[in-house]
Amino acid sequence: MIPRRGDNQTVLITGCSRGIGRAIAERFAAEGYHVIANDLDRQAGDLASLKAAIEAAGGRCDTLFADVSDPASVEALVSNALKLSPRIDVLVNNAGVLSVFNVEDIAPDEWDRIFDVNAKGTFLVTKALLAHFRANGKGRIVNIASVGGKRGAPGQAHYCASKAAVIRFSQILAQEVAPDGITVNSVCPGIIDTDMGRNNYPDEASLQAVKDKTALGRLGYPEDVVGAAAFFASDDAAFITGQALNVCGGILFD
Ligand SMILES: NC(=O)c1ccc[n+]([C@@H]2O[C@H](COP(=O)([O-])OP(=O)(O)OC[C@H]3O[C@@H](n4cnc5c(N)ncnc54)[C@H](O)[C@@H]3O)[C@@H](O)[C@H]2O)c1
């Protein structure tokens, strides 16, 4: 059998019971990675169905519940993940939340909720795995940010600010950990057809407006995002770090 790029490697993916994370999990499993799939316990049904789908396709998947915004929960996640696999090669920080409010309507707690999952969650899970990656002399960290972290849209100031934080966090971390063979890159999806993405086009007119915004004239699908994540995780991207790649069908060009 031709070796696959994920053979004998393990990936931990957060928030991956559905949407973009689920597609990433299925792609990594198909590439041979042992997938450790995380989500909130309320997502137990979807997470079980992901595990069943990966195993039915001949892959390997374990599931762990944790809330990435909670430091104790993240410590338990990483220590349980390392019990399932003594070596973790790749971390994909995918868990995220969105809400839509103009700035004067963003409650302070809502600002915190969005930042706690998107920005602090990325920081916490990454921090918890850094010693492990350093000890291995290698690690791949792929953060799912957003084109919103570079430009963004009205009604999403809190979300876009949290994703800008993810992009800048990744750029600084990339410089800190490069000497230990660890790369850190961000994937910046445009508007993708998921439970979250549908907030951007509640009706037919806004769906058409979303399509018109992209050079390719269409919505993105979770499968459109997975190749960028798999690439950053692979040795093909060994000389790439601190980058933030738009996967948006041509909304942004820088
Ligand atoms: N869909 C889009 O248009 C789009 C665009 C740009 C970026 N993104 C980003 O892609 C990622 C995936 O989004 P999606 O569109 O698949 O959304 P989604 O809502 O379908 O999936 C998000 C997942 O994160 C999980 N999650 C939320 N809070 C969590 C927590 N505290 N701990 C662990 N898991 C948690 C959810 O349960 C869910 O399974 C997110 O980071 C999102 O911000 C999405």
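# Notebook: a first look around

**Entry 1, the start of the chain.** I began with Asn8, which lies in the segment before strand E1, residues 10–13. I kept in mind from the outset that this is a predicted model. Asn8 caught my eye for its backbone: its phi is positive, about 60°, although Asn8 is not a glycine. Is Asn8 buried or exposed? I looked it up, and Asn8 is exposed, with a relative accessible area of 79%.

**Entry 2, the nonpolar core.** Next I turned to the largest nonpolar core, which has 31 residues. I asked which of them touch the most other members. My list reads Val11, Ile13, Ile24, Phe28, Val35, Val92 and Val187. Then I checked which elements supply at least two residues each to this core. The strands on that list are E1, E2 (34–39), E4 (90–93) and E5 (139–144). The helices on it are H1 (19–30), H2 (44–56) and H7 (222–233). Which of the elements gives the most? I found that H7 does, with seven residues.

**Entry 3, aromatic pairs.** I searched the whole structure for aromatic pairs and got four. One of them joins Phe28 and Tyr33: the ring centres are 4.7 Å apart and the planes stand at 50°, so I noted the pair as tilted. Both Phe28 and Tyr33 are buried. I had already met Phe28 in the core, among the residues that touch the most other members.

Another pair is formed by Phe123 and Phe169, and this one is edge-to-face. Here I wrote down 6.3 Å from centre to centre and 90° between the planes. Where do the two partners sit? Phe123 is in helix H4 (residues 108–136) and Phe169 in helix H5 (residues 157–177), so the pair ties together parts that are 46 residues apart in sequence. As for accessibility, Phe123 comes out at 35% and counts as partly exposed. Phe169 is partly exposed too, with a relative accessible area of 25%.

**Entry 4, the end of H5.** While I was at H5, I also looked at Val177, which has its place in this helix. Val177 counts as buried, at 0% relative accessibility. I compared its position with that of Gly148: the two are 29 residues apart in sequence, and their C-alpha atoms are 26 Å apart in space.

**Entry 5, cysteines.** How many disulfides does the structure hold? I counted zero. I wanted to know why Cys16 has no bond, and the distance explains it: the closest cysteine sulfur, in Cys61, is 6.9 Å from the sulfur of Cys16, which is too far. A disulfide would need the two sulfur atoms within 2.5 Å. Cys16 itself is buried, at 0% relative accessibility. I tried Cys160 as well, and it is in no disulfide either; its nearest cysteine sulfur belongs to Cys188 and is 11 Å away. Cys160 counts as buried, with a relative accessible area of 10%.

**Entry 6, a cavity.** Last, I looked for enclosed space. I found one cavity of 30 Å³ or more, and the largest cavity has a volume of about 30 Å³. Which residues line this cavity? I noted Gln9, Arg87, Ile88, Asp89, Lys138, Gly139 and Arg140. Sorted by class, the lining has four charged residues, two polar ones and one nonpolar.

Note on methods: Residues are numbered from 1 along each chain as its sequence is written. This is a predicted model: local features need pLDDT of at least 70, side-chain atom pairs count only at pLDDT 80 or more; totals for chains, interfaces and linings use all residues. Side-chain values use heavy atoms; hydrogens and water are left out. On a 1 Å grid over the protein atoms alone, a cavity is a set of points where a 1.4 Å probe fits but cannot get out, and a pocket is an open set with protein on both sides within 12 Å along at least five of seven lines; lining residues have an atom within 4 Å of a point. Grid points are joined across faces, edges and corners, and a volume is the space filled by probe spheres set on the points. Ala, Val, Leu, Ile, Met, Phe, Trp, Tyr, Cys and Pro count as nonpolar, Asp, Glu, Lys and Arg as charged, and the others, Gly among them, as polar. Rings of Phe, Tyr and Trp (its six-membered ring) pair if their centres lie within 6.5 Å; planes under 30 degrees apart count as stacked, over 60 as edge-to-face and the rest as tilted. Buried means under 20% relative accessible area, exposed over 50%, partly exposed in between (1.4 Å probe, protein chains only). A nonpolar core is a set of buried Ala, Val, Leu, Ile, Met, Phe, Trp, Tyr and Cys residues joined through side-chain atoms within 4.5 Å.
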